[in-house]
Amino acid sequence: MVKTGGRGKPIFIGGAGVALLMLWTFSPFPSLPTTLSVRRMAISPEQDGAAAMPDCAGEDGHGVNMGHDPADHTFYDDPDLTYTVGSPVKNWDEKRKEWLKHHPSFAAGAENRLFMLTATQPWPCKNPIGDHLNLRLFKNKVDYCRIHGYDIFYNNALLHPKMKSYWAKIPVVRATMVAHPEAEWIFWIDSDAMITDMDFKPPFEKYKDHNLVVDGWPNLIYEKKSWVGLNAGVFFLRNCQWSMNFLEAWAEMGPQTPNYENWAKIQMETLSDKTYPVSDDQSGLIYLLLKEKEKWGDKIYIENQYTLSGYWGGIVNSFDKIIDNYARIEKKVVELRRRHAEKVSEHYAEVMAEAFRKEGGGDRARMRPFITHFTGCQPCSGEHPGYSDDACWIGMEKALNFADNQVLRNYGFVRPNLQNSSSLCPLPYGFSSYKKEK
Ligand SMILES: *[C@@H]1O[C@H](CO)[C@@H](O)[C@H](O)[C@H]1NC(C)=O
């Protein structure tokens, strides 16, 4: 679609435009106008006056043009292009840049554009409530993306037959980089992790010199050499050549390589507390930080200033306290109790963040954790040695409802009891979004 830039975009589909479009869609004859020429014939509001109808076609609402792909040669036209681990794309940064040049509506805003990626196994869950939990976990991510205008891809195909379980994400991330040249950041999030602060937006300005952001603690990685010094289940990866190369190096330790068994030994020798004799992606990432620090370390940001991957066990019992904190602030700041369209949620998120800062922020414990990760709970298989069913499922239900309440408030409802998904109340005018007025 033709863009005039800024807010004054023309309104295209007047009566004549609709008629043409219908003709084009239904005509059995081969010499049809192209989509582009139909759009060129579209009528601007000045020409069409009162007959103009709102523009409902072409753009996706973020000002990008999804109907435009010029014939100019890009990397997609290269028969040697691959989407798979084992054959990295070369000159990826230039190729991405070139593509963006031909797709200017995507180039605007590409700087920190985020693309969320998550996945589950291709087959049904063994745990009878596993598929239900997966659905709710996915809904949680969709909600977050819709609120912030992010795209999301939910994969449930094994893109490499040998890279299963925790290794499966690497080929998915690799393919997504090529499928989404418009995205600067791939936001990988494990299926068993959920967004528990719908307001939070990643601070990408802080990562301008980095290409990979993971939750972790440098002393646990570099001094303790602990395999749990970071969590590889949630990360931001920049869509660039460095990442292309990094994924290759990381995948070297995976089950698709002849050295897989050897890597288990190497990882166990390198890390102080790895006892499970199988090479895993998280140990592999820490191994690269320890042994190839000069090569990769500079571009990897170990994040612990907010909860990028919070361990659920330490979080689920704090929800009530956190709810009280937010309720107290909502009570103080009248604007926060104002009803509003979901689309403008980011404004209210900023008002809330400002109120926290005024209170003397910095104390993250009072705020919602961005991500609560149910590591070890395995909702799909239901196998979680070391944790009881109750701990996992009650914790998960609480966390899902805690997150969902942040979504439901814009639809006029709240679940007063986090442990009962069936409980629901309408939110009266002027009330805070939480279970009771404090
Ligand atoms: C959950 O809430 C529903 C609706 O309010 C109620 O009927 C039901 O008894 C509650 N269940 C439990 C276990 O409290």
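## Close-up views of a predicted model

Of the 438 residues in the protein, 33% are buried. The model shown in these panels is predicted, so please read each legend with that in mind.

**Figure 1. The whole chain has 15 helices and 11 strands.** Average pLDDT for the protein is 87, and 83% of the residues score at least 70. Residues 1-58 are the stretch to treat with care here: their pLDDT stays under 50. For that stretch the model has 55 contacts beyond four places in sequence. Across the protein, 71% of the contacts with a separation of 6 or more link residues that are 24 or more positions apart.

**Figure 2. Strand β6 pairs with both β3 and β5.** Strand β6 covers residues 230-238, and 9 of its 9 residues are buried. Strand β3 (residues 185-189) runs antiparallel to β6, and 5 bridges join the two. To find your place in this pairing, look for Phe187, which stands opposite Phe236 in β6. The pairing of β6 with strand β5 (residues 212-216) is antiparallel as well, again over 5 bridges. Here Gly216 has Leu230 of β6 as its bridge partner.

**Figure 3. Helix α11 is mostly covered.** This helix takes in residues 281-291, of which 8 of 11 are buried. The buried ones are Asp281, Gln282, Ser283, Gly284, Leu285, Ile286, Tyr287 and Leu289. What surrounds them? The cover over the buried residues of α11 includes the helices α8 (218-223), α9 (241-251), α10 (260-270) and α12 (293-296). Strands contribute too, including β7 (300-303) and the β6 of the previous view.

**Figure 4. Three strands make an open sheet in the order β4-β9-β8.** The pairing in this sheet is mixed. Strands β4 (193-195) and β8 (310-311) stand at the edges with a single partner strand each, so one side of each is left without a neighbour in the sheet. Strand β9 (residues 371-373) runs parallel to β8, and 2 bridges join them. A handy landmark is Tyr311, which stands opposite His373 in β9.

**Figure 5. Val407 lies in helix α15 and is buried.** Helix α15 spans residues 389-408. Why does Val407 count as buried? Val407 has 20 C-beta neighbours inside 10 Å, and 20 or more is the cut-off for a buried residue, so it qualifies. Leaving aside neighbours within four places in sequence, Val407 is in contact with Asp143 and Met198. Tyr144 is also worth finding in this view: Val407 and Tyr144 are 263 residues apart along the chain, yet their C-alpha atoms are separated by 8.5 Å.

**Figure 6. Helix α14 has the span expected from its number of residues.** The helix holds 14 residues, 345-358. At 1.5 Å a residue they should span 20 Å, and the end C-alpha atoms are 20 Å apart, which agrees. Just after α14 comes Gly360, with a positive phi of about 90°.

**Figure 7. Residues 319-346 carry a UniProt annotation.** An unreviewed UniProt entry lists these residues as "coiled-coil region". In the model, how much of the span is helix and how much is strand? The span is 57% helix and 0% strand. Its end C-alpha atoms lie 22 Å apart.

Note on methods
Residues are numbered from 1 along each chain as its sequence is written. This is a predicted model: local features need pLDDT of at least 70, side-chain atom pairs count only at pLDDT 80 or more; totals for chains, interfaces and linings use all residues. A residue is buried if 20 or more other C-beta atoms lie within 10 Å of its own, exposed if 12 or fewer, and partly exposed in between; C-beta atoms are placed from the backbone. Helices (H or I, at least four residues) and strands (E, at least two) are DSSP runs, numbered from the N terminus. Two strands pair if DSSP finds at least two bridges between them. The expected span of a helix is 1.5 Å times one less than its number of residues. UniProt positions are given in the numbering used here, feature names are shortened, and annotations may be inferred rather than shown by experiment. pLDDT is the predictor's confidence in each residue, from 0 to 100. Two residues are in contact if their C-beta atoms, placed from the backbone, lie within 7 Å.
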